[in-house]
Amino acid sequence: MRTRIAAVIVFILCGSVSAADNSLTYIDLVKRITDLEYLATLPAPGETCAQWSSYDRASQYDPATGKYIKWDANGDGTGYIRKEGDSFVLAEMEGPGCIWRIWSARPQNGHVRIYLDGAAEPVIDLPFIGYFDHKNEPFTGKALVHNVANGENNYVPIPYAKSCKIIADKGWGQYFHFTYGTFPKGTQVPTFKRQLSAEETAALAAADKTLSACGPDSVEGRPGQSTETKSVTVAAGQTATVATLAGPRAITDLRVKLDLPKSPEDRTVLRELVLKITWDDEAAPAVWVPLGDFFGTAAGANKYRSLTAGLTDEGTWYSHWYMPFEKAAKIELVNDGKEQRAVAFEIAHAPLTRPIDTLARFHAKWHRDAFLPTDKDRQIDWPMLVTEGRGRFVGVMLHIWSPKGGWWGEGDEKFFVDGEKFPSTFGTGSEDYFGYAWSSPKLFQHALHNQTISQNLKGHISVNRWHIADNVPFQKSFEADIEKYYANKRPCLYAAVPFWYQAAGVKDAYAPASLEDRTGYWEIPPSARIAGALEAEELKVLACAGGKTVAQEMSYPSGNWSDDKQLWWTGAKPGDKLDLALPIAQAGPQTLILQLTKARDYGIIQVWLDGQKLGNPIDLYNPEVVPFGPVSLGPVELSAGEHKLTIEITGANEKAVKAYMVGIDYVKVDRK
């Protein structure tokens with residue numbers, strides 16, 4: 001038996017607050033930030049979690065018709081509830097409750113004021129950036145308040161007994177989330193104040209330390225804890241039993257080590273092996289996840305450390321999810337590959353600290369495209385989890401395969417709780433949900449959210465988020481969606497592992513996925529290069545009078561570009577010219593065909609060849625990014641050799657953002 005075990009919950013020092021308790025101190029609320037055991041408690045009626053955000057208010061549900069209107073609206077940066085004078089109401093909540101998380105992509109100097117329990121004066125009155133810049137107590141902990149890949153995050157609890165209202169002044173910035181929990185009526189919670197007691201300050205510091213020191217040996221083990229150590233060899237196509245544990249107990253820590261081939265071959269092996277866990281002799285497993293995905297990352301062995309799971313530099317995969325059971329827990333390893341595999345397991349389990357009938361069962365299921373919406377107005381919603389019964393949603397790992405590159409994740413998260421028609425959580429973008437911003441490909445690791453692989457947005461991307469204090473309770477049903485803007489045929493493919501707790505004896509609807517579904521789909525598609533085209537990004541630049549040119553990856557759902565690239569000219573102004581060398585192999589009469597791009601911030605151009613104007617000005621404005629369509633520049637008589645193709649910016653459409661950008665996909669010479 002080990003003397004130290006990664007159970008993550010500070011059981012002896014911190015204890016835990018029962019769902020039945022009706023009085024919570026500020027220290028109790030702080031402990032929720034790292035309390036994984038509490039996640040297993042069945043939620044009390046009236047216990048909820050929701051979010052106010054700056055989502056585009058054009059997205060609406062019409063109860064009269066049952067229709068979803070502009071469900072893909074994407075102006076997510078400046079939404080609010082209403083204006084009061086020159087200020088903006090960002091959030092309004094009835095208590096008792098607690099703000100668990102504040103996020104923004106661009107907090108600025110305009111003040112954001114938080115009013116609690118009907119007070120005339122705000123309890124917090126700071127520039128919005130002041131919630132994140134570590135200059136204002138108690139928002140100073142480096143893990144509780146942090147920036148990752150351009151996203152600002154604040155996890156300091158802000159409780160209120162009766163109500164909360166958040167108002168912002170002009171200049172507050174762009175994009176916000178306020179994620180908040182509501183407790184059952186009658187629960188006594190304190191009204192937040194910035195001047196914390198010494199004991200409350202110490203509790204925040206302890207939480208910050210726990211979030212800063214994640215790993216397999218984060219904290220001491222539990223009283224009565226035992227550890228099962230077993231090396232399992234499982235033949236190809238077979239299933240091996242790793243352990244059968246007698247209850248009532250709870251798995252508190254699970255570790256795995258195995259030899260893997262080097263990347264990228266490890267990706268297939270980690271999808272061939274499947275972790276399967278069944279509670280209390282039920283007919284179907286509650287956990288069915290490819291081995292690597294269970295620990296929060298895919299594809300392949302991507303090192304990171306978080307509060308609930310991770311992979312160390314030494315090759316130890318660890319999980320700290322608290323998994324209670326009444327009679328038995330059966331842990332199995334499935335090998336759907338063609339080679340025998342050996343895996344070493346360590347499983348720590350301990351006596352329960354609560355009655356088993358107050359505890360739900362841990363679930364995790366891997367899937368691709370399960371339960372897609374049939375309502376055509378909601379086709380953009382990609383379900384991460386759909387389930388029924390009573391429980392808590394506690395996190396998700398999302399794996400994206402996007403071989404064409406470009407930003408994959410404009411999509412908002414939407415959580416429908418207990419049959420809601422309009423989601424009580426409606427986000428502002430995929431990266432925002434995962435705690436970062438502005439489609440950054442930068443890898444980051446944190447206790448509560450991570451980007452474990454990103455091949456510069458072209459290839460594999462994997463992100464996760466753990467809902468600990470901000471878990472989402474449900475009594476009857478739960479659906480967690482994230483918008484998916486790109487179609488599978490692009491290709492852009494999602495796979496997910498949702499993590500949740502559900503009442504004992506309630507089967508979830510997810511079936512095991514085939515090996516063909518889990519592996520082999522991450523193949524690089526052949527280049528879509530137009531036959532005979534001269535790629536503009538490959539042409540020699542003879543002169544550029546203003547701005548700069550770069551080869552830009554073009555990956556938009558609204559069309560295809562030759563070789564998935566264009567020559568992008570930015571930073572120029574009307575009157576500036578770009579000269580490109582145009583090689584002509586054969587003399588004679590021929591037609592030049594130009595393929596361009598249209599967008600809301602593109603200009604109007606005039607095309608010249610060897611100093612002679614070709615055709616009329618071409619307006620490149622369009623509300624969305626789309627290919628212009630081949631433009632014939634008429635017959636010309638050309639000699640063999642190098643010619644000069646000139647693009648001149650002459651202005652911009654009155655509707656356009658005046659950035660005067662130009663995108664050129666290809667030039668084609670038609671000799672017919």
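Is Asn450 buried or exposed, and what is its relative accessible area? Select Asn450 and look: Asn450 is buried, at a relative accessible area of 0% (buried is under 20%, exposed over 50%, partly exposed in between, with a 1.4 Å probe and protein chains only).

Before moving on, a word on what you have open. This is a predicted model, where local features need pLDDT of at least 70 and side-chain atom pairs count only at pLDDT 80 or more, while totals for chains, interfaces and linings use all residues. Residues are numbered from 1 along each chain as its sequence is written, and side-chain values use heavy atoms, with hydrogens and water left out.

**Stop 1: around Asn450**

Asn450 sits in strand β32, residues 449-454 (strands are DSSP runs of E of at least two residues, helices H or I of at least four, numbered from the N terminus). Show the side chain of Asn450 and add Asn464: a polar contact of 2.9 Å joins the two side chains. Now add His446, whose backbone nitrogen is 2.8 Å from a polar atom of the Asn450 side chain. A polar contact is a pair of N or O atoms within 3.5 Å; within protein, one must be able to donate a hydrogen and the other to accept it, and residues adjacent in sequence count only if both atoms are side-chain atoms. Beyond four places in sequence, the contacts of Asn450 include Tyr304, Arg305, Phe444 and Trp466 (contact means heavy atoms within 4.5 Å).

**Stop 2: the nonpolar cores**

Next, select Ile99, Tyr131, Ile166, Phe294, Trp321, Phe362 and Phe499, the residues with the most contacts inside the largest nonpolar core, which has 118 residues. Such a core is a set of buried Ala, Val, Leu, Ile, Met, Phe, Trp, Tyr and Cys residues joined through side-chain atoms within 4.5 Å. Apart from it lies another core of 33 residues, with Leu385, Ile461, Cys492 and Trp500 among them.

**Stop 3: the largest pocket**

Finally, pick Asn74, Glu410, Tyr556, Glu624 and Val625. The largest pocket holds about 1200 Å³ of space, and of its 34 lining residues these five are the closest to its centre. On a 1 Å grid over the protein atoms alone, a pocket is an open set of points with protein on both sides within 12 Å along at least five of seven lines, and lining residues have an atom within 4 Å of a point. Grid points are joined across faces, edges and corners, and the volume is the space filled by probe spheres set on them. Colour α6 (430-433), β39 (548-553) and β40 (565-570): each gives two or more residues to this lining.

Conventions
1 Å grid on protein atoms, 1.4 Å probe; cavity = no way out; pocket = protein on both sides within 12 Å on 5 of 7 lines; lining within 4 Å.
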